[in-house]
Amino acid sequence: MPLFVTLGSPLGFNAVKQYLNPPSLAVPIAVQTWLNAADARDCVALYARLDRNTFADGIENVANVHHARDNPHAIAEYIGHATVAERIHVALSGS
């Protein structure tokens with residue numbers, strides 16, 4: 001899998017992590033790049049960054065997502081972020 005994308009993900013929250021297997025969390029072997037993006041105001045994400053302290057090492061984070069609307073969990077705003085959109089386009093087009 002060339003790109004795995006999480007947007008506004010709650011994976012850094014302990015109540016979620018406790019239900020994931022295996023217990024040692026890591027980027028799956030089949031995933032070449034894991035891209036995570038979150039608005040720091042997104043109450044669903046709780047921990048905007050997914051890194052060795054919150055989830056696992058090796059996840060690339062887009063930390064400059066700032067939704068213009070009152071809904072900081074809106075998927076359209078995540079998909080429309082320039083970095084996220086470009087990375088998805090490259091992965092899908094193979095270029």
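**Strand S2 and the sheet around it**

Reader: Why is S2 described as largely enclosed by the rest of the structure?

Author: Of the 6 residues of S2, 6 are buried, so the strand is largely enclosed by the rest of the structure. Buried means under 20% relative accessible area, exposed means over 50%, and partly exposed lies in between (1.4 Å probe, protein chains only). A strand is a DSSP run of E with at least two residues, a helix is a run of H or I with at least four, and both are numbered from the N terminus.

The model is predicted: local features need pLDDT of at least 70, side-chain atom pairs count only at pLDDT 80 or more, and totals for chains, interfaces and linings use all residues. Residues are numbered from 1 along each chain as its sequence is written, and side-chain values use heavy atoms, with hydrogens and water left out.

Reader: Which residues of S2 point one way, and which the other way?

Author: Trp34, Asn36 and Ala38 point one way, while Leu35, Ala37 and Asp39 point the other way; all are buried.

Reader: What makes S1 and S3 edge strands?

Author: Strand S1 (4–7) and S3 each pair on one side only. Two strands pair if DSSP finds at least two bridges between them. S1 and S2 are joined in the parallel sense by 4 bridges, and S2 and S3, also parallel, by 5 bridges. The result is an open sheet of 3 strands in the order S1-S2-S3. Leu35 of S2 is the bridge partner of Val5 and also stands opposite Glu60 in S3. Trp34 stands opposite Ile59 in S3.

Reader: What packs on the sheet?

Author: Helix H3 (residues 82–93) does, touching S1, S2 and S3, and its direction makes about 155 degrees with that of S2. Such angles run from 0 to 180 degrees between N-to-C directions, with axes fitted to C-alpha atoms, for helices over the stretch in contact.

Reader: Why is Leu7 called buried?

Author: Its relative accessibility is 18% and therefore meets the criterion for buried. Leu7 lies in strand S1. Beyond its neighbours within four places in sequence, Leu7 is in contact (heavy atoms within 4.5 Å) with Ala37, His73, Ile75, Tyr78, Ile79 and Val84.

Reader: Is Leu46 counted as buried, partly exposed or exposed, and why?

Author: At 46% relative accessibility, Leu46 falls between the two limits and therefore counts as partly exposed. Leu46 is in the loop between strand S2 (34–39) and strand S3 (59–65).
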